[in-house]
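Thank you all for making time this morning. I would like to walk through one structure with you, taking the charged pairs to begin with, then a helix contact, then some backbone details, and then the aromatic rings.

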Amino acid sequence: MAVNEHLSAVDLAADIKAKSISPVEVMDDCIAAIEARNPSINAFTYTAFDEARAKAIEAEKVLMRGDADGAFFGIPTAAKDFLPGVPDWPGTTGGVKALSHQKDPGYGCFTKAMVDEGAILVGKTNAPSFAFRGTCDNKMFGATSTPFKVGYNSGGSSGGSAAAVGDGILLVAEGTDGGGSIRIPAAWCGCYGYKASVGTIPATVRPNAFSLTHPYTWDGSLSRTVKDSAYVLQAMARFDPFDPVSLDRGERDFAAALDKSLKGWRIGFTPDFGIFPVDPEIKDMVAAAAQRFVEAGAVVESVEFDISRSHFELAEAWCRLISISGLESIEALKGGGIDLLRDHADDVPAEFVYWINDAYRRGYVDYNADDVVRTEIYDALQTAFQTYDLVISPVTACHPVPNVPGGITAGPTELGGEKVEPLIGWCLTYFCNFTGHPAASIPTGLSKDGFPVGMQVIGRRWADEDVFAASAAFERIQPWAKIYRVTAERNLR
């Protein structure tokens with residue numbers, strides 16, 4: 001297959017522009033892969049094959065005229081079924097049946113950037129309702145599986161995109177990240193996931209321009225290579241004066257950062273931030289992976305975190321904060337004549353209903369208290385960055401969980417004898433959404449049972465280039481392409 005013969009979408013686009021392969025052939029191969037594989041992994045909720053084929057035919061005409069341009073020219077990609085992404089395409093906000101009549105009013109940040117770079121949208125990928133959990137499941141479309149073991153969850157909330165990329169159906173797809181929603185499924189599906197620094201990717205949300213700051217939430221990408229995510233960010237990053245947290249940092253070259261040396265860098269490794277009950281196998285795999293940075297000239301040391309609150313308390317703070325955005329959505333729907341909680345509560349998981357109702361009950365004192373929690377985590381990370389250039393940890397505390405029928409799959413409620421908050425509490429990712437630091441999930445290999453394991457690399461605020469540099473260095477030292485061969489061989493049987 002044309003797509004599966006490549007790891008990098010940017011490299012495949014270069015071959016298309018060199019006329020080594022046709023964009024029509026690439027699209028036909030992608031569509032065939034969706035038709036063959038989606039019944040097993042349930043990555044896509046909507047496909048637009050006729051539209052995508054027509055655009056591929058037009059791209060071929062552009063190519064033959066000598067006008068092909070864009071880093072992702074002719075590359076199939078997909079939008080996440082959460083935020084509006086493609087004009088007039090249906091969107092269910094993560095499998096909410098009462099919202100299935102919705103049509104996207106326009107492009108989103110990822111989709112607009114990718115179309116401008118020549119990519120072709122082929123469909124939308126699965127997500128949990130309102131992206132409100134670290135697993136991928138909903139009552140309308142059901143659960144998405146990691147391609148490494150069908151029947152086990154892909155992770156969320158960008159689980160459909162991660163599964164499609166991990167499976168090789170796509171080389172790059174959209175993710176959004178408000179608590180780890182790019183990094184979690186990247187870890188469970190064996191692909192690369194990148195979440196940018198606050199202020200790097202603009203978002204002009206209205207009527208509340210500050211609604212993506214509690215916690216910080218971004219659009220972004222999942223890919224098979226570091227290079228592709230760097231090029232996606234290159235296309236998305238810009239200053240927008242109508243985004244109150246957007247920063248004008250001038251021209252930045254994320255692709256150039258891929259060749260940056262790590263010699264002399266100091267890297268702090270934590271297996272658990274001192275508070276998370278992490279599966280011993282995951283700890284050992286990520287600890288071993290962290291040591292590979294020594295081969296790039298870095299110094300890797302253990303870093304201690306002095307966090308006084310429990311992981312359960314911190315996870316519930318995240319649930320409260322993200323519920324503010326959910327509440328805003330519920331109120332906006334009411335304005336449009338849909339009272340979701342009153343008339344359609346059965347369309348969404350009970351946990352979502354609980355936390356939205358909790359948000360209605362809380363006031364300014366509670367909101368201020370959660371900002372104090374965020375500040376404590378911000379100080380903990382900033383203290384580490386007084387000594388270290390990067391902080392490394394596992395992405396998740398556990399391996400993928402079995403899918404549960406009925407659209408209610410969540411994470412574990414207990415790990416290592418400790419009670420765990422099931423929506424996000426088994427993820428070591430949401431700290432960076434409290435604080436605004438850039439972070440990536442890097443594949444480190446497969447567990448003894450064949451599950452992918454992700455390593456989280458966190459950079460200083462606005463040091464996206466450093467995270468890309470470290471990610472690319474690791475990709476050179478310990479390439480993860482072989483894990484895709486494992487998946488491909490399994491899928492052929």
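How many salt bridges does a search of the whole structure find? The search returns 27 salt bridges, and I should say straight away that what you are looking at is a predicted model, so please keep that in mind throughout.

Let me take three of these pairs in turn, beginning with the one that stays inside a single helix. D116 forms a salt bridge with K112, and the closest N and O atoms of that pair are 2.7 Å apart. Both residues belong to helix α4, which covers residues 109-116, and because they are four residues apart there, about one helical turn separates D116 from K112. As for its surroundings, K112 counts as partly exposed, since its relative accessibility is 39%.

The next pair is D466 with K260, a salt bridge whose closest N and O atoms are 2.7 Å apart. This one links distant parts of the chain, with D466 in helix α14 (residues 464-477) and K260 in the loop between α7 (226-236) and β7 (266-269), the two residues being 206 residues apart. Is D466 buried or exposed? With a relative accessibility of 12%, D466 counts as buried, whereas its partner K260, at 35%, counts as partly exposed.

The third pair is R266 with E301, again a salt bridge, with the closest N and O atoms 2.7 Å apart. Here too distant parts of the chain are linked, in this case two strands, because R266 sits in strand β7 and E301 in strand β8 (residues 299-302), 35 residues apart. Both ends of this pair count as partly exposed, R266 at 32% relative accessibility and E301 at 29%. Besides such pairs there is also a network, in which salt bridges that share partners join D358, R361, R362 and D366.

Let me now return to helix α4 and ask how it is placed against another helix. At what angle do the axes of α4 and α7 cross? The two axes come within 9 Å and cross at roughly 100°, and since angles from 65 to 115 degrees count as roughly perpendicular, that is the description that applies to α4 and α7. On the α4 side the contact involves C109, F110, A113 and M114, and these meet V232, A235 and M236 in α7. If we sort the residues of this contact by character, seven are nonpolar, while there are no polar and no charged residues.

I turn next to the backbone, where a few torsion angles deserve a careful look. The peptide bond from G156 to S157 is cis, with omega near 10°, and S157 is found in the loop between β3 (120-125) and α5 (159-167). A further cis peptide bond runs from H214 to P215, with omega near -10°, and P215 has its place in the loop between β5 (192-195) and β6 (218-223).

Two residues also have a positive phi without being glycine. For D88 the value is near 70°, and this residue lies in the loop between β2 (76-80) and α4, where D88 counts as exposed at 59% relative accessibility. For A131 the positive phi is about 55°, and A131 is placed in the loop between β3 and α5. Unlike D88, which is exposed, A131 is buried, with a relative accessible area of 12%.

That brings me to the aromatic rings. How many aromatic pairs does the structure hold? There are 19 aromatic pairs, and one of them is Y430 with F434, whose ring centres are 5.5 Å apart and whose planes stand at 80°, so the pair is edge-to-face. Y430 counts as buried at 0% relative accessibility, and F434 is likewise buried, with a relative accessible area of 3%. These two residues also take part in one aromatic cluster, which is formed by F273, F276, F305, Y430, F431 and F434.

That is where I will stop, and I am glad to go back to any of these places in the structure while we discuss them.

Definitions and conventions
Residues numbered from 1 in each chain as written. Predicted model: local features only at pLDDT ≥ 70, side-chain atom pairs only at ≥ 80, totals over all residues. Heavy atoms only, no water. Salt bridge = Lys/Arg side-chain N within 4 Å of Asp/Glu carboxyl O. Buried < 20%, exposed > 50% of the residue type's maximum accessible area, 1.4 Å probe, protein only. Axes fitted to C-alpha atoms, helices over the stretch in contact; angles between N-to-C directions. Parallel < 35°, antiparallel > 145°, perpendicular 65-115°, else oblique. Contact = heavy atoms within 4.5 Å. Nonpolar A, V, L, I, M, F, W, Y, C, P; charged D, E, K, R; others polar. Phe/Tyr/Trp six-rings, centres within 6.5 Å; stacked < 30°, edge-to-face > 60°.
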